[in-house]
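Please examine the chain shown here with attention to its sheet, its helices and its nonpolar cores. The briefing is meant to be read beside the coordinates.

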Amino acid sequence: MDGGTVIATPWDTPPPSGSATEVAPGVLWLRLPLPMVLDHVNIYALDEGESWTIVDTGIHSKRSVALWEDMLAGPLQGRPVRRVILTHHHPDHIGMAGWLMERFGAELWASRTSWLMARMLILDVEDSPTPQALAFSRAGGMDPDVYEARKAERPYNFSDICAPIPVGYTRIQEGDVIRAGGYDWDVRMGGGHAPEHVTLWSRAGNLVLAGDQILPGISPNIGVYPTEPEADPLADWLAACDRLAAHAHDDHLVLPGHKLPFTGLPFRMRQLRDNHHGALDRLRDFLSTPHTAAECFPLLFKRQIDRGTYGLALVEAIAHLNHLLHAGEVTRWRRADEAWLWQIKDL
């Protein structure tokens with residue numbers, strides 16, 4: 001579908017803490033804080049009459065529990081949560097899922113990959129960096145000061161900000177139709193930011209529950225991690241953009257995992273795809289001489305990379321380099337300190 005060139009939002013501000021904004025009949029938008037650079041996550045409550053279906057949940061913390069209690073007593077009117085739908089496995093989306101399941105006996109609905117990743121990562125508690133994680137950092141050319149600090153620190157663990165998820169879930173698959181909040185939602189899978197990322201497209205009302213697959217103003221992080229260091233998630237991302245763009249209309253109201261709901265989806269899908277193609281073009285020029293992944297930061301990111309964003313920047317830089325490697329456009333070799341040096345091939 002062709003689209004316009006305007007991305008607009010019907011709301012200038014998010015709902016205040018503990019309150020909700022009705023974005024469509026039977027659909028409430030709520031927001032929870034996050035202790036990171038991206039300082040919030042959006043969640044959505046779908047009205048089932050005597051209960052609620054919740055899409056994504058925020059992290060698990062004392063503050064989140066208190067805010068959830070406020071929301072349950074306030075905008076959710078004291079009605080129970082009977083179902084939790086997860087768009088993907090990242091902790092800001094799954095952190096309170098287990099708490100809601102234990103509190104209400106709620107069902108959990110998720111893609112198989114999201115459920116398996118969430119369960120695995122919550123149970124995988126590490127008190128020190130693994131040899132694989134340290135080798136991955138060295139291979140990326142991580143700044144020596146950052147590397148030494150991370151080597152000495154306890155790693156971030158999902159269990160720090162995610163409640164345990166009980167066994168048992170309902171699998172969501174491509175092509176499913178889910179009835180929730182008075183709407184029939186077509187399930188369309190994304191990818192790249194997270195494997196088997198669920199997006200939900202209402203058959204009436206022109207609503208898209210997008211999670212982090214489609215965000216306004218920022219591009220979702222596309223990263224390679226020590227768990228699969230040779231992965232090409234950017235290929236998955238670009239393929240997902242093409243698949244989902246085929247369904248996009250200008251009158252869709254996109255309900256994203258972060259930032260504000262918006263319209264102008266066809267144009268935004270082109271922006272998201274073109275953003276990474278532009279980054280790849282800049283890398284092709286930059287790699288006329290060999291560089292490490294960390295040395296590619298200035299070419300890829302239009303902001304200062306500090307300690308708080310260094311890890312996300314490194315995994316995204318490696319994702320773009322791996323994409324060129326899988327396409328046969330670059331070669332690489334090890335430097336004495338184990339960092340990969342990347343260079344464009346003379347084709």
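What follows is a briefing on the strands, helices, cores and cysteines of this chain.

The model is predicted. Its seven-stranded open sheet has mixed pairing and the strand order 1-2-3-4-5-6-7. The largest nonpolar core comprises 47 residues, and apart from it lies another core, of 37 residues. No disulfides are found in a search of the whole structure.

**The open sheet**

- Seven strands make up the open sheet, arranged as 1-2-3-4-5-6-7 with mixed pairing.
- Its edges are strand 1 (21-24) and strand 7 (170-171), each of which pairs on one side only.

**Strand 4 and its neighbours**

- Strand 4 (residues 52-55) is covered on both faces: W52 and I54 are buried on one side, and T53 and V55 are buried on the other.
- With strand 3 (residues 40-47), strand 4 pairs in the antiparallel sense over four bridges; one bridge partner pair is D47 and W52.
- Four residues lie between the strands in the hairpin of strand 3 and strand 4, and among them G49 takes a positive phi near 95°.
- With strand 5 (residues 81-85), strand 4 runs parallel, and four bridges join the two.
- W52 has V81 as its bridge partner in strand 5, and the chain passes from strand 4 through helix 1 (residues 62-73) to strand 5 in a right-handed β-α-β crossover.
- I54 has V84 as its bridge partner in strand 5.
- W52 thus appears in pairings to both neighbours, with D47 and with V81.

**Helices lying across the sheet**

- Helix 1 lies across strand 2 (27-33), strand 3, strand 4 and strand 5, and runs at about 155° to strand 2.
- Helix 3 (residues 97-104) lies across strand 5 and strand 6 (107-110), and runs at about 155° to strand 5.
- Helix 3 is largely enclosed by the rest of the structure, because six of its eight residues are buried.
- The buried residues of helix 3 are A97, G98, W99, L100, M101 and F104.
- The cover over these buried residues includes helix 1, strand 5, helix 2 (91-94) and strand 6.
- After helix 3 comes G105, which has a positive phi near 65°.

**Nonpolar cores**

- Within the 47-residue core, the residues with the most contacts inside it are I214, L265, M269 and F297.
- At least two residues of this core come from each of helix 5 (131-139), helix 6 (144-152), strand 11 (207-211), helix 7 (233-245), helix 8 (265-286), helix 9 (297-300), helix 10 (307-326) and strand 14 (340-344).
- Helix 10 contributes the most to this core, with nine residues.
- Leaving aside residues up to four places away in sequence, I214 touches L244, V254, P256, F262, L265, R268, M269 and L272.
- The other core, apart from the one around I214, has 37 residues, including L30, W68, I122 and I161.
- In soluble globular proteins, nonpolar side chains tend to be buried together.

**Cysteines**

- The whole structure contains zero disulfides.
- C162 has a relative accessible area of 3% and is therefore buried, the cut-off for buried being under 20%.
- C241 likewise counts as buried, because its relative accessibility is 2%.

How values were computed. Residues are numbered from 1 along each chain as its sequence is written. This is a predicted model: local features need pLDDT of at least 70, side-chain atom pairs count only at pLDDT 80 or more; totals for chains, interfaces and linings use all residues. Side-chain values use heavy atoms; hydrogens and water are left out. Buried means under 20% relative accessible area, exposed over 50%, partly exposed in between (1.4 Å probe, protein chains only). Two strands pair if DSSP finds at least two bridges between them. A crossover is right-handed if, with the strands pointing away from the viewer, the path from the first strand over the helix to the second runs clockwise. A disulfide is a pair of cysteine sulfur atoms within 2.5 Å. Contact means heavy atoms within 4.5 Å. Axes are lines fitted to C-alpha atoms, for helices over the stretch in contact, and angles run from 0 to 180 degrees between N-to-C directions. A nonpolar core is a set of buried Ala, Val, Leu, Ile, Met, Phe, Trp, Tyr and Cys residues joined through side-chain atoms within 4.5 Å.
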